[in-house]
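Visitor: Please give me a close look at one part of this model: its nonpolar core. Keep it brisk, and state the cut-offs.

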Amino acid sequence: MIRSVFFHINPRMWFAYVRNKDNRTVHESAKLTAVSALVHNFIMKAGQGYSGQISIWLRRLMRNTKLMTYGEQKEFAKELVKNEIEDINANPWGYCLLKTRTRERAKCATGGEPQRHNAAPDICLGCANNLMQEDNSDWNLLHIQAHVEALRNPDVPKSFKLASYDIVSKVARHVRAINPAHEALNEIDELINNFERVQYNVEVF
Ligand code: SF4
């Protein structure tokens, strides 16, 4: 709210405002409730319609756990979050559920410490803490439009196209995991295949 009112978009200024000024107890409790609800929804939908590396981890946990009733599922989600997830951030491209045990392996980590203020689609989409749903999928498809155009344009140098190829491929993978029949996939797949054929001289079937 402070950022939007005063336009203090510089992270250094923003942190100067909020450092030590939040109500930690309320914040922690709200966080636990939000992440538990998210994980509980994931369990109720049996992981359908989700993507991101954390969804693979959650599915594996679910396979190893017999959850019968709604109450059991809810309790499981709460305990899981309490023991394994230390924080949540909601970004337009996906949730960041920071896992306690593997925090140093976060893609944004520097010296083993996650730098989540540096969050961006190109790093988060390949991170172990990323969880995505259909809304995120749509946002990501809009976000990569310029990269799709770059791949399509024969005048764009290959060195630039490589960065576009990377993010477009990541988004395509996530969109497919969420909805394999998504209407945007045909066109994106064709561009990716064409790029791979030219760049790596491989035949894609
Ligand atoms: S790279 Fe993104 S998803 Fe991963 S920990 Fe950092 S902010 Fe979260």
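Guide: What follows goes from the overall layout to the core, then to single residues and the ligand shell.

The model is predicted, so local features need pLDDT of at least 70, side-chain atom pairs count only at pLDDT 80 or more, and totals for chains, interfaces and linings use all residues. Residue numbers start from 1 along each chain as its sequence is written.

The layout comes first. The protein has 10 helices and 3 strands. Here helices (H or I, at least four residues) and strands (E, at least two) are DSSP runs, numbered from the N terminus. Their order is α-α-α-α-α-β-β-α-β-α-α-α-α. Of the 205 residues, 24% count as buried. Buried means 20 or more other C-beta atoms within 10 Å of a residue's own, exposed means 12 or fewer, and partly exposed is in between; C-beta atoms are placed from the backbone. Two residues are in contact if those C-beta atoms lie within 7 Å. Take contacts between residues at least 6 apart in sequence: 57% of them join residues at least 24 apart.

Now the core. The largest nonpolar core has 33 residues. Such a core is a set of buried Ala, Val, Leu, Ile, Met, Phe, Trp, Tyr and Cys residues joined through C-beta atoms within 7 Å. Val 39, Cys 96, Leu 97, Cys 124, Leu 131, Val 168 and Val 171 have the most contacts inside it. Two or more residues come from each of α3, α4 (53–63), α5 (70–84), β2, α9 (158–178) and α10 (185–200). Helix α9 gives the most, with 6 residues. Domain 1 (2–132) and domain 2 (139–200) both contribute, so the core lies between them. Those bounds come from an automatic or database domain assignment.

Next, α9 itself. Its 21 residues should span 30 Å at 1.5 Å a residue, and its end C-alpha atoms are 30 Å apart, which agrees. The expected span is 1.5 Å times one less than the number of residues. Buried residues of α9 include Lys 161, Ser 164, Ile 167, Val 168 and Val 171. Their cover includes α6, α7, α8 and α10.

Val 168 is worth a stop. Leaving out residues up to four places away in sequence, Val 168 touches Ile 144, His 147, Val 148, Leu 151, Ile 188, Leu 191 and Ile 192. Ile 144 sits in the loop between α7 (134–143) and α8 (145–152). It is buried because 23 other C-beta atoms lie within 10 Å. Ile 144 and Val 168 are 24 residues apart in sequence, yet 6.3 Å apart in space, C-alpha to C-alpha. Beyond four places in sequence, Ile 144 also contacts Ile 167 and Val 171.

Turn to α3 (residues 24–44), which holds Ser 36. Ser 36 counts as buried because it has 21 C-beta neighbours inside 10 Å. Its contacts beyond four places in sequence are Ala 77, Lys 78 and Val 81.

Last, the ligand. Its shell has 13 residues, and Cys 96, Ala 106, Cys 108, Cys 124 and Cys 127 are the closest. A residue is near the ligand if its C-beta atom, placed from the backbone, lies within 6 Å of it. Elements β2 (94–99) and α6 (121–124) each supply at least two shell residues. Cys 96 and Cys 124 were already listed among the core residues with the most contacts.
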